[in-house]
Amino acid sequence: ASYPSFNLKTFFDDYEVLAEDEYKPLYNRALLATYPPGSTYKMTMVIAAMKEHIIDSKTEYYDYGMFDRDDLPDDKYDNFQVSCLAMAYGYSHEWVNAAEALRDSCNYFFYELGDRINVEAMDEVGKGLGLGEKSGVELPEYVGYRANPETKAELHTDDDTGWYKGDSILAA
């Protein structure tokens, strides 16, 4: 869907106003804009982790609230810490499997997956699901990006563009 919208019955009468509207209601956000996938990317991670035999339907990780790593092997991050959103509300998901992690959007579970899976496996599944690829719909569209070393190097030309384990954890 693309929003804000306009009334098709009065489109021609309202065109000048719509064309000048600061919220750009004529801009097709669904096809021409890109947005970070957020938690919808978590399904990609489950598929990749199952494909790589890192998890199965019974695999559980304990959600400690704060995912804290100070020993990331090749990382520039000192004392890497990210938390599950549940921690902001004063609780943890405790033991959680993939189905529960998807249902509850448990970030901690996916930080664990990002720590255990390689970026190539993540990227292969994302590409297979059509992320960062043209849709094939015969309409103008803007193609988004996938989280991978090539995209990071392309978008951050002035920064350190190495891919670190912390990048995989955050992408997951």
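This passage describes helix packing, one pocket and a few individual residues in a predicted model. Residues are numbered from 1 along each chain as its sequence is written, and side-chain values use heavy atoms, with hydrogens and water left out. Because the model is predicted, local features need pLDDT of at least 70 and side-chain atom pairs count only at pLDDT 80 or more, while totals for chains, interfaces and linings use all residues.

Two packed helices are described by the angle between their axes and the distance between the axes. Helices here are DSSP runs (H or I, at least four residues), as are strands (E, at least two), and both are numbered from the N terminus. Axes are lines fitted to C-alpha atoms, for helices over the stretch in contact, with angles from 0 to 180 degrees between N-to-C directions.

Helix α3 (residues 42-51) is a good place to start. Its axis comes within 9 Å of the axis of helix α7 (residues 119-128), and the two cross at roughly 120 degrees. α3 and α7 are therefore oblique to each other; angles under 35 degrees count as roughly parallel, over 145 as roughly antiparallel, 65 to 115 as roughly perpendicular and the rest as oblique. The crossing of α3 past α7 is right-handed, a term used if the near helix is turned clockwise from the far one by less than a right angle, with anticlockwise giving left-handed. In contact here (heavy atoms within 4.5 Å), Thr-44, Met-45, Ile-47, Ala-48 and Lys-51 of α3 meet Ala-121, Met-122, Glu-124, Val-125 and Gly-126 of α7. This contact has six nonpolar, two polar and two charged residues, where Ala, Val, Leu, Ile, Met, Phe, Trp, Tyr, Cys and Pro count as nonpolar, Asp, Glu, Lys and Arg as charged, and the others, Gly among them, as polar.

α3 also packs with helix α6 (residues 107-116), at an angle of about 45 degrees and with the axes 10 Å apart. α3 passes α6 in a left-handed crossing. On the α3 side the contact is made by Lys-42, Met-45, Val-46 and Ala-49, and on the α6 side by Asn-107, Phe-110, Leu-113 and Gly-114.

Attention now turns to open space. The largest pocket (on a 1 Å grid over the protein atoms alone, an open set of points where a 1.4 Å probe fits, with protein on both sides within 12 Å along at least five of seven lines) has a volume of about 960 Å³. Its lining (residues with an atom within 4 Å of a point) comprises 34 residues, with Tyr-35, Pro-36, Pro-37, Gly-144 and Tyr-145 nearest the centre. α2 (29-32), α8 (149-155) and α9 (165-171) each give two or more residues to this lining.

Helix α9 also holds Ala-171. Ala-171 and Met-122 are 49 residues apart in sequence, yet 9.1 Å apart in space, C-alpha to C-alpha. Beyond neighbours within four places in sequence, Ala-171 contacts Tyr-41, Met-122 and Ala-147.

Finally, Lys-24, in the loop between α1 (11-20) and α2, has a positive phi of about 50 degrees although it is not a glycine.

Definitions and conventions:
Grid points are joined across faces, edges and corners, and a volume is the space filled by probe spheres set on the points.
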